[in-house]
Amino acid sequence: MERTKDLWVWIETGAGKNAGLELLTPGRALARKLGGRLIAVVVGTSVEDVVALVGASGADGILAVEDPAYAHCDCAGYAAAFQTLIQRHRPAALLLAATEQGRDVAPLLAAGIKAGLAADCVEVDWAEDHILFTRPALGGKQLLAQVCKGDGVQLATLRPGVYRRPIPFFEAPPPPVMWEQIPAPPDPLPVLSLVRAMEEDGVDLERAQVIVSGGRGVNGPEGFQLIRAAAEALGGAVGASRAAVDLGWISHAHQVGQTGKTVAPRLYLACGISGAMQHLAGMSGSEVIVAINRDPRAPIFQVADYAVEGDLFGVLPALVEELKLRRG
Amino acid sequence: MRLLVCVKQVPDLTWGRPDSQEGLSFPQETPPCLDGCSGYALEAAARIQDALPDVSITALSLEGEEALRICLSVAADRAILLSDPLFNGVDSLTKGRILARAAEVLEAQDGPFDLILCGQQSADEASGQTGPALAHALGRPLISQVFTATPQEKSLIVTRQTGAGVQTVETTAPAVALCTKPDWDLRYPTILKKMLANNAEIPVLSARELSLSGSDVEDSRIQVLRRFAPRQKEGSVRISGSGADAARELLSLLEQARAL
């Protein structure tokens, strides 16, 4: 069977759902350039809700796979399901969100079907007659423009937060849903039984519109009271640099950067953060970046839109007061 | 218990200098070092060795001799280097396949590995594909974002980072663990071990010894067209001061920019 011109996006049913819906935005543009359909793929245990949401978000078709066994399925099970779907339908390309699950599934799938995978992209574009994938290297200090070679399916994971999800339009006629039977592996690999979950911190950095982050410069766990106050006043979430997390001032759930969360909020305030490469890799996609630091040479200022050269212990309390005054 | 740690050698990134063309450039004399996440994988293995008798650690690297010497100086009992002109410029999926073949060759000689540890992703290319490709080639389960692995009688208890918090999972099979940054660093080498590591003979396996031919490694599916510097922010606005004036100025600028 000939490879089609269809572009697929994977919409996860769990925590990665929103990141998946974002893929429909670049997916729509690429499908048009490829001259094919935009197909959303939904695989999971109970997929109706997601199918309805996707249908209203502009996909031309939905490929749905439902099996209760996917609840206990590890990344290899999802990779196997995609391998089957790709062999049956031969899409031109598949976009996945670079979520926890996407980062595990995509390389296993790529290894399984021997396809090129552009990992952790910050941009996908059309260049003359091919898809151009842009991804950061060297902790975000360098960008690579690359293509997937050969006539196989092209795979890419995209960082959450880079594209805005389409606004759902529920009056539009829903696109056709193709139901496929792919049983999850009956006996998933003997791994990943959850023994104990701990440190549930309830922080949702990836979806926050405003993030106020503290680093080594906040001088201790008490300093984070100030960060929390500022986050509250701005209606945002609390982030942290790896230095602050390593020092035990705040839990890892708040960490932004290469070994923490990758975020792209509307507004990011970096307070007392010098701006190590690993941190920049996790937040440089933010729309507006404010840095407050006493050291005028701090690398964080190179990515900041507003560079406040001053003491955060002076600026932040004044900021909180001013916001309170304005809101009466 | 036999552990295999696959490590990557990268340039010491602290030597990178800002470069308007490529974003970051490295002087000729930039020393190689052990990649950060590879170091965490080695530390996770060393902690298993601390806790149990008779744990051997084998370090394996594709073209990373200096990284292997660091492993020997810290915790590894032996090191194996994979080196061959055929391995030049292979993509990360192929690297995973080469490492997997080497693991099979070593297992055929000395018996199976109970656990294979790798870094989650490297600090330079950061594509995060080598470990999963290795797990796929060996048909073993993949556990990502791992902090620690604690062997029990017949299983491994693994702690790992997830978005919801720190998860503890149990695995019974020989698995592949991708290690990420825990709350601790790689331990320091002792002077004696460091001297021994510097003079150690590191055995080399070539493509022929791994029964790999050109066709096994030539199918790179990714082509990098160019490397470039990220677009600089167009002139950031500077605000000086630490008091109410600075806060007010910042707020009104953010309001003008509709960022609030």
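Helices and strands are taken here as DSSP runs, a helix having at least four residues and a strand at least two. Counted in this way, chain B holds 7 helices and 15 strands. The model on the screen is predicted, and the tour below begins with chain B as a whole before it turns to single residues.

**Stop 1: chain B as a whole**

Select chain B and show its C-alpha trace. Along the principal axes, this trace spans about 70 × 40 × 40 Å. Chain B has 260 residues, of which 53% are buried. Among its contacts with a separation of 6 or more, 68% join residues 24 or more positions apart. Now display the surface of chain B: the accessible area is about 12,000 Å², and carbon and sulfur atoms account for 49% of that area. Colouring by charge brings up 25 positive and 33 negative charges in chain B, and the mean positions of these two sets are 4 Å apart.

**Stop 2: helix α1 of chain B and Cys37(B)**

Select residues 36-51 of chain B, which form helix α1. Cys37(B) is found in this helix. Is Cys37(B) buried or exposed? Its relative accessibility is 9%, so Cys37(B) counts as buried. Show the neighbours next: leaving aside residues up to four places away in sequence, Cys37(B) touches Gly119(B), Gln120(B), Gln121(B), Cys179(B) and Thr180(B). For a distance to draw in the viewer, take the C-alpha atoms of Cys37(B) and Thr162(B), which are 17 Å apart in space and 125 residues apart in sequence.

**Stop 3: two loop residues with positive phi**

Most residues other than glycine have a negative phi. Two residues of chain B may be examined with this in mind.

Follow the chain from α1 towards β6 (56-62), and select Asp54(B) in the loop between them. Phi of Asp54(B) is positive, near 55°, although the residue is not a glycine. With a relative accessible area of 70%, Asp54(B) is exposed.

Move next to the loop between β13 (204-205) and α6 (214-217) of chain B, where Ser211(B) has its place. Ser211(B), likewise a residue other than glycine, has a positive phi near 55°. The relative accessibility of Ser211(B) is 54%, and the residue therefore counts as exposed.

**Stop 4: cysteines in both chains**

Select the cysteines of all chains. How many disulfides are there over all chains? The count comes to 0. Cys148(A) is in no disulfide, and the nearest cysteine sulfur, that of Cys121(A), lies 8.0 Å away. A disulfide requires the two sulfur atoms to be within 2.5 Å. Cys148(A) is buried, having a relative accessible area of 10%.

In chain B, select Cys33(B), which is also in no disulfide. The cysteine sulfur nearest to that of Cys33(B) belongs to Cys71(B) and is 11 Å away. Cys33(B) is partly exposed, at a relative accessible area of 22%.

**Stop 5: chain A as a whole**

Select chain A, whose secondary structure comprises 9 helices and 16 strands. A box of roughly 65 × 50 × 40 Å, taken along the principal axes, is filled by the C-alpha atoms of chain A. For 328 residues, a compact globule would have a radius of gyration near 20 Å, and the 21 Å of chain A agrees with this. Buried residues make up 58% of chain A. Of the contacts in chain A with a separation of 6 or more, 64% are between residues 24 or more positions apart. The surface that chain A exposes is about 13,100 Å², with 51% supplied by carbon and sulfur atoms. Chain A carries 29 positive and 36 negative side chains, and the centres of these sets lie 4 Å apart.

**Stop 6: helix α2 of chain A and Leu34(A)**

Select residues 24-34 of chain A, helix α2, in which Leu34(A) lies. Leu34(A) is buried, with a relative accessible area of 16%. Which residues does Leu34(A) touch, not counting residues up to four places away in sequence? They are Lys5(A), Leu7(A), Ala92(A), Trp126(A) and Ile131(A). From Leu34(A) to Leu7(A), the C-alpha atoms are 7.8 Å apart, while the sequence separation is 27 residues.

**Stop 7: helix α3 of chain A**

Finally, select residues 48-55 of chain A, helix α3. The buried residues of this helix are Val50(A), Val51(A), Leu53(A), Val54(A) and Gly55(A). To see what covers them, add α1 (17-22), β2 (38-44), β3 (61-66) and β10 (177-180) of chain A, which are included in that cover.

Technical notes
Residues numbered from 1 in each chain as written. Chains lettered and ligands numbered in written order. Predicted model: local features only at pLDDT ≥ 70, side-chain atom pairs only at ≥ 80, totals over all residues. Heavy atoms only, no water. Rg over C-alpha atoms; globule rule 2.2 N^0.38 Å. Buried < 20%, exposed > 50% of the residue type's maximum accessible area, 1.4 Å probe, protein only. Contact = heavy atoms within 4.5 Å. Areas by Shrake-Rupley, 256 points an atom, 1.4 Å probe, with all protein chains shown as cover. Lys, Arg positive; Asp, Glu negative; His and termini not counted. Charge placed at Lys NZ, Arg CZ, Asp CG, Glu CD.
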